[in-house]
Amino acid sequence: MRNISRRGILFATGATMAGGALASATGCSKGDTTPEPAPPQHYVSITPTDPRYQDMLLRGYNRRIIGKPDSVVIAYNTAQVMKAVSDAVSENKRLAIRSGGHGLDGAADAADVQTVIDVSQMDDVYFDPHHNAFSVGTGTTLGALYKKLDLGWGVTVPGGGCPSVGIGGHLAGGGFGPLSRLHGLVADHLYGVEVVAVGSDRKARTVFATREPNDPNRDLWWAHTGAGGGNFGVATRYLLRTRDAVGPPSALLPKRPTAFTRVTTAWKSETLTRENLALLVENFSKWSKKNSAATTKTGPLWGSLVVFGRDLGRVMLIAQLDPTNPSSSDLLADFNSSITANLPAGSVRTEDKIPWQYTTVNQRDIGDSYNIPASQLRSKTSGGAYFKDSLTPHQSNVLYDYLLGERYKFSGVTTILLTWGGALNGVQATDTAIAQRDSSMLFGGGMYWANQVEDSARIDWMNEFYRELFAESGGVPAPNDRTDGCYMNWPDTDLANPAVNKSGVQWNTLYHKDNYTRLQSVKRKWDPHNIFRRQLGVSVG
């Protein structure tokens with residue numbers, strides 16, 4: 001078996017005041033003779049003749065989608081973002097925004113994009129006493145955010161397990177991770193957002209929006225809690241504070257875990273019959289549904305069931321939680337006994353107590369997990385699926401056939417079922433842009449490879465697998481009493497292609513449900529000329 005890290009298993013997820021310079025200045029400590037050099041403050045625009053240009057193209061997560069923009073602007077502050085937006089608008093150039101460079105759908109790398117605005121250097125994290133919230137530059141990576149919040153104040157956000165993901169897109173699409181059943185989405189902790197928007201006069205301006213009920217810009221804040229990045233303008237910084245939190249900075253976001261106890265149970269796939277896999281999936285589904293209520297006492301526990309393709313030959317059940325939780329031993333015991341009940345012997349179980357911060361910020365990237373260099377990584381991600389109930393027998397059979405049985409065809413394919421619910425279901429569907437607030441599981445599927453000649457065959461196979469998995473609801477996880485659409489941060493652009501998605505259920509219904517109409521209203525107000533557009537982006541109407 002190849003060395004597959006737990007990061008691979010779990011999938012891969014500075015600010016300035018408006019128009020101002022960087023918030024922090026450099027200086028000399030006592031005894032220094034020269035000041036520490038500051039980052040460049042000049043406007044950096046990298047064009048195809050610049051030797052740095054190829055490095056800019058390699059910042060994508062998916063090498064099968066490579067753009068060739070006229071320029072990549074590296075912005076260090078909000079004023080530079082405003083200039084980049086103004087220049088692009090005045091020159092009628094198609095623009096896109098990039099924070100961490102992990103856009104699965106190639107939004108910043110689309111063939112018609114002419115200007116890419118890269119905010120990765122806007123990565124300040126500090127406490128803003130004026131707003132009583134943490135200010136986070138949208139170019140900050142998750143790994144840097146976790147570390148800065150932890151070392152500075154002992155707090156964190158319930159984000160994903162890939163440290164190189166940028167918070168800019170991660171939060172705008174919702175953002176979840178191992179702490180989400182306990183603390184909800186990252187977007188649930190968004191207090192405010194600074195955005196460079198373009199109004200009806202085609203002029204760029206900086207807008208600040210908060211969740212305060214009397215804020216006239218509140219609709220713009222709301223749209224950034226799940227619609228996905230790059231829809232309404234360029235978000236330059238986020239303000240984070242848990243709803244209803246009061247007190248000093250150390251009380252305004254969730255406390256960081258003391259550590260994680262992680263229990264992994266693994267089976268060799270050849271020891272699992274079709275019936276065994278169906279039972280495992282059914283047990284996992286039942287536990288997830290039983291424990292999905294917002295008030296569940298099992299919120300501290302995060303579980304996943306991973307089925308690798310036949311080449312890797314493993315099925316893995318993973319559970320983790322903070323060992324200082326008074327009920328941690330009982331929660332883990334109940335979870336594992338419930339899901340492994342009546343399954344055959346032959347599994348291997350390991351239990352580790354691991355430090356939280358070090359483990360979280362040092363996870364391997366998915367390309368490393370599959371021994372594929374980042375410069376060669378090609379991928380196809382399914383749109384995922386929210387489940388309200390168990391997989392049907394048909395779905396369990398499809399899962400077996402395509403990953404372990406006769407319809408298995410390609411290496412590098414992985415599927416995952418994640419426990420959902422808890423605090424994730426403690427928010428009303430209209431309170432944020434994420435409409436799916438009563439699910440019990442989230443399904444995801446992905447495939448990773450390096451050879452370009454395999455692109456079409458692999459993509460076709462993944463689309464066939466997805467359609468067959470949801471054949472009982474028209475080929476997609478249509479919102480109904482069993483499934484509830486797709487997760488925005490796992491964008492599958494094929495769901496907008498009628499040649500692939502023949503279900504009659506539009507992609508915007510799958511991702512946004514009834515919230516899409518409201519998102520379009522926000523779009524018409526803040527981006528009436530559709531300057532900020534992308535695949536699976538909110539349209540003006």
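**Exercise 1. A residue in helix α13**

Asn463 has its place in helix α13. The model is a predicted one. Task: decide whether Asn463 is buried or exposed, and find which side chains it joins through polar contacts.

Solution.
- Step 1. The relative accessible area of Asn463 is 7%. Buried means under 20%, so Asn463 is buried.
- Step 2. Its side chain makes a polar contact of 3.5 Å with the side chain of Lys380.
- Step 3. A polar contact of 3.0 Å joins the side chains of Asn463 and Asp494.
- Step 4. With residues up to four places away in sequence not counted, Asn463 touches Lys380, Asp492, Asp494 and Val500. Lys380 and Asp494 thus appear both in this contact list and as polar partners of Asn463.

**Exercise 2. Length and surroundings of helix α3**

Task: check the span of helix α3 (residues 78-90) against the value expected at 1.5 Å a residue, then state what its buried residues pack against.

Solution.
- Step 1. The helix has 13 residues. The expected span is 1.5 Å times one less than the number of residues, which gives 18 Å for α3.
- Step 2. The end C-alpha atoms of α3 are 18 Å apart, in agreement with the expected value.
- Step 3. The buried residues of the helix are Thr78, Gln80, Val81, Ala84, Val85, Ala88 and Val89. An α-helix has 3.6 residues a turn, so residues three or four places apart point the same way.
- Step 4. These buried residues of α3 pack against β2 (71-74), β3 (95-98), β4 (115-118), β7 (190-198), β8 (204-210) and β9 (234-240).
- Step 5. At the N-terminal end, Asn77 caps α3, with a side-chain oxygen 3.2 Å from the backbone nitrogen of Ala79. Just after the helix, Asn92 has a positive phi of about 55 degrees.

**Exercise 3. The nonpolar cores**

Task: which residues of the largest nonpolar core touch the most other members, and which helix gives the largest share of this core?

Solution.
- Step 1. The largest nonpolar core has 100 residues, and Tyr238 and Leu240 touch the most other members.
- Step 2. Helix α13 (residues 455-469) supplies the largest share of this core, six residues.
- Step 3. Leu240 is in contact with Ala133, Phe134, Val136, Val157, Leu171, His189, Leu190, Tyr191 and Leu253, residues up to four places away in sequence not being counted.
- Step 4. Another core, of 25 residues, lies apart from the largest one; Leu104, Ile318, Ile366 and Trp420 are among its members.

**Exercise 4. Strand β10 and its partners**

Task: how many residues of strand β10 (residues 260-268) are buried, and in which sense does β10 pair with β13 and run relative to β12?

Solution.
- Step 1. Eight of the nine residues of β10 are buried, so by the cut-off of under 20% relative accessible area the strand is mostly covered.
- Step 2. β10 pairs with strand β13 (residues 348-354) in the antiparallel sense, over seven bridges. Ala266 has Val348 of β13 as its bridge partner.
- Step 3. β10 and strand β12 (residues 314-321) also run antiparallel, joined by eight bridges. Here Arg262 stands opposite Gln320 of β12.

**Exercise 5. Cysteines**

Task: how many disulfides does the model hold, and are Cys162 and Cys486 buried or exposed?

Solution.
- Step 1. A disulfide requires a pair of cysteine sulfur atoms within 2.5 Å. By this rule the count is zero.
- Step 2. Cys162 counts as buried because its relative accessibility is 1%. Cys486 likewise counts as buried, at 1%.

**Exercise 6. Three loop residues**

Task: where do Val113, Asn342 and Asn371 lie, and which of these residues are buried or exposed?

Solution.
- Step 1. Val113 is in the loop between β3 and β4. Its relative accessibility is 2%, so Val113 counts as buried.
- Step 2. Leaving aside neighbours within four places in sequence, Val113 is in contact with Lys68, Pro69, Arg94, Leu95, Ala96, Ala107 and Ala108.
- Step 3. Asn342 lies in the loop between α9 (328-340) and β13. At 72% relative accessibility Asn342 counts as exposed, and its phi is positive, near 70 degrees.
- Step 4. Asn371 lies in the loop between α11 (366-369) and β14 (378-381). Its relative accessible area is 51%, so Asn371 is exposed. Asn371 is not a glycine, yet has a positive phi of about 55 degrees.

Definitions and conventions:
Residues are numbered from 1 along each chain as its sequence is written. This is a predicted model: local features need pLDDT of at least 70, side-chain atom pairs count only at pLDDT 80 or more; totals for chains, interfaces and linings use all residues. Side-chain values use heavy atoms; hydrogens and water are left out. Helices (H or I, at least four residues) and strands (E, at least two) are DSSP runs, numbered from the N terminus. Buried means under 20% relative accessible area, exposed over 50%, partly exposed in between (1.4 Å probe, protein chains only). Contact means heavy atoms within 4.5 Å. A polar contact is a pair of N or O atoms within 3.5 Å; within protein, one must be able to donate a hydrogen and the other to accept it, and residues adjacent in sequence count only if both atoms are side-chain atoms. A nonpolar core is a set of buried Ala, Val, Leu, Ile, Met, Phe, Trp, Tyr and Cys residues joined through side-chain atoms within 4.5 Å. Two strands pair if DSSP finds at least two bridges between them.
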